[in-house]
Number of protein chains: 2
Amino acid sequence: MDIPSGSPTKKRISESTIHRLSRYFRTLSLLEKENFETVSSKELAKREKLTPAQVRKDLSFFGSFGTRGLGYPVAELKAKVSRILGIDRIWRVALIGVGNIGSAMVSYKEFIKQGFHIVKLFDNDQRKIGSNHKGIIVSDIKNLRTELQDDRIEMVIVAVPATVAQYIVDVVVKAEVKAILNFAPINLKVPPGVHVRNENMAMELEYLSFAMVNHHSPKGIGKA
Amino acid sequence: MDIPSGSPTKKRISESTIHRLSRYFRTLSLLEKENFETVSSKELAKREKLTPAQVRKDLSFFGSFGTRGLGYPVAELKAKVSRILGIDRIWRVALIGVGNIGSAMVSYKEFIKQGFHIVKLFDNDQRKIGSNHKGIIVSDIKNLRTELQDDRIEMVIVAVPATVAQYIVDVVVKAEVKAILNFAPINLKVPPGVHVRNENMAMELEYLSFAMVNHHSPKGIGKA
DNA sequence: TGTTAATTGTGAAGCATTTCACATGAGTAT
DNA sequence: ATACTCATGTGAAATGCTTCACAATTAACA
C-alpha cells in the first residue's frame, strides 16, 4: 500500500535516512502551520541543511510522493512520513524510573505530539509509589512484569541507575516488550528481536568538546 | 605526544568515529574498575558490538596506542581517548532554562564524570530566579550575555521552549560561546565557527517505532 | 494548444566508511 | 636463541551513502 508493490527485496534503509525522516516530519508540521500547500525538495533541504537530492532520495525509498514541477503536497507528505515512521498511531509507553530524567520525560511535549503516550510509571522508591505525576500514579516496580503485560505496553523508557538497568531490562524482555529507549549509560544485553536505542546526553557534549579542541569549523574543512 | 607529529594533512574524522570514541571511553572506565591491565580490540569490540577492525581503525586515526600480541593498556588508552575528545579538562558550562529537562540536566551524573561542570543557571521565571539548584543560584536571563562572558562560559545547554530558543541562541552567540547543546526541537541558525548539537529524545522513539512496524521480530509479534 | 519554467525520480558516479587480510612486532616458553 | 602465538596497524577491497545530472512530467501562460 505505501511501499511500491512488486518489490520483494526490502532494501535496507539506513539509520541516517530514518533520522532525516524524523526531521522532515517536524519541518512538515511547521510548514503546515505556516500554511504552505506544497514544498519543494529544495526548500525542505534548505531548512534541514541538506541537499535537495538527499531529500528526494530519502523519500524515493518509500515511493513517489511529489509532483514534477510543483513539489510535494505538505499535508499529504506529512501523513506519508508519519505512516513510514509508524507514528500514525498511538504507542503505549511505560516509563521506568521516576528520577530526574524520568520526571522530565513524563512532561516531554515531543512524545505526546508524536503519538508516544506514557501510560504507566514505575519506581522502587516507597515515597514515590502511589504519587501522581501528570495524572499517572506511580506503580511499584515489583509488579513490573505483570503490569506491563496487563496494560499491553509496547515500548518502555528505562531511566533507572546503570547498576540496575540490566536487571530491569531482563524483566521487561520477559514481559515481551520489544522496544526499549535506554537512558542508563551501559550497553544492554537483549535477545534478538528486541530493539534498543540508547540516549546519552554526554555524548553530544563530548562531540562539542572534540570539535572545540580540534578547531574544526562546523561546515568546513578542518583546521582553522 | 598525542597526534602523530609531522602530519600536515589533518584527515577528517567522521562523526561515527567520535561517537564510538565516547563509547570506548565509557567502556575503558569500566574495564579500569574491573582491574583489567590491558584490553584487546577483540574484547572492546565484543563489548560495543563492533568488529575488532573497526576499533583498531578508529584508534589508528590518532596514533598507535597498542602493543602487538598484547592489546591496549587500559588506563593509558583511556587517558589518550579522553585527550582526543578534549575531556581531559574541565569545561565551564551554563544551562539556560531550568524547566523539566533543564532540572534533570543539573543532576545528570555523566556530565560531571566527564568534566562538564554546570556552573551557571539561567531562567526568565521570577519564581525560579534566585532559587538554588544543587548549589547553584538561578540567574535572571536578562543578564545572560554579560554573565556568560564574565564567568568565561565555554558551552551552553539550551533547554528553553522552541519559541524562544533562537532568540536565546542569538544572545549566546554574541557572548562568544562557541558550543551549544540544544534541546529545543528547532533548527538553530548560528554563524560559522559556532558548534551546535541537537538532542531530541523523540527521534529515538521514532526510530524504535519504525523498527517495530517494519522489521518484524523473528519470533513474530503477531502484527499483520 | 504549444512553449517555457519548474521540479521530481533515479541510474550512475563519486565519496566515505567499514571490513578484510596479512605483514609486523612483542611476549612466552623451551 | 628459536620457534610459536597473539594481536596490532594498515593498505586494499568491499560495501554503503551522498551527490550528480538528466529524462520525464507537470503547471502556467501566451
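Colleague: Which element gives the largest share of the surface near DNA strand C, and how many residues does that share hold?

Modeller: In this predicted model, H3(B) provides the largest share of that surface, with four residues.

Colleague: How many residues surround DNA strand C, and which are the closest?

Modeller: DNA strand C is surrounded by 25 residues. Ser41(A), Arg56(A), Tyr72(A), Ser14(B) and Arg68(B) are the closest. A residue is counted as near the strand because one of its heavy atoms lies within 4 Å of it. Among the atoms of DNA strand C that lie within 4 Å of the protein, 61% are of sugar or phosphate, and the rest are of bases.

Colleague: What makes the pairing of Tyr72(A) with a phosphate oxygen of DNA strand C a polar contact?

Modeller: An N or O atom in the side chain of Tyr72(A) is 2.8 Å from a phosphate oxygen of DNA strand C. The cut-off is 3.5 Å for a pair of N or O atoms, and the pair therefore qualifies as a polar contact. The sugar or linking oxygens of DNA strand C are represented too, one of them lying 3.3 Å from a polar side-chain atom of Gln54(B). As for the bases, a base oxygen of DNA strand C is 3.5 Å from an N or O atom in the side chain of Lys57(A). The elements that contribute two or more residues to the surface near DNA strand C are H3 of chain A, together with helix H1 (15–33) and H3 of chain B.

Colleague: Turning to the other strand, which residues come nearest to DNA strand D?

Modeller: There are 24 residues around DNA strand D, and those that come nearest are Arg68(A), Ser41(B), Arg56(B), Gly66(B) and Tyr72(B). Of the atoms of DNA strand D that come within 4 Å of the protein, sugar and phosphate make up 65%.

Colleague: What distance separates a base nitrogen of DNA strand D from an N or O atom in the side chain of Arg56(B)?

Modeller: That distance is 2.7 Å. For the side chain of Arg68(A), an N or O atom is 2.9 Å from a base nitrogen of DNA strand D. Both values fall within 3.5 Å, and both pairs are therefore polar contacts. The backbone takes part as well: a polar backbone atom of Phe65(B) is 3.1 Å from a phosphate oxygen of DNA strand D. Two elements, helix H3 (52–60) of chain A and helix H3 (52–60) of chain B, each give two or more residues to the surface near DNA strand D. H3(A) supplies the largest share, four residues.

Colleague: Why is Thr17(B) called buried?

Modeller: Thr17(B) has a relative accessible area of 2%. The limit for a buried residue is under 20%, so Thr17(B) is classed as buried. Thr17(B) belongs to helix H1 of chain B.

Colleague: Which residues does Thr17(B) touch, not counting residues up to four places away in sequence?

Modeller: With those neighbours set aside, Thr17(B) touches Asp58(B), Phe61(B) and Phe62(B). The side chains of Thr17(B) and Asp58(B) are also joined by a polar contact of 3.1 Å.

Colleague: How many helices and strands does chain A have?

Modeller: Chain A contains nine helices and nine strands. Its C-alpha trace spans about 60 × 50 × 40 Å along the principal axes. Of its 224 residues, 50% count as buried.

Technical notes. Residues numbered from 1 in each chain as written. Chains lettered and ligands numbered in written order. Predicted model: local features only at pLDDT ≥ 70, side-chain atom pairs only at ≥ 80, totals over all residues. Heavy atoms only, no water. Buried < 20%, exposed > 50% of the residue type's maximum accessible area, 1.4 Å probe, protein only. Polar contact = N/O pair within 3.5 Å; in protein donor to acceptor, adjacent residues only side chain to side chain. Contact = heavy atoms within 4.5 Å.
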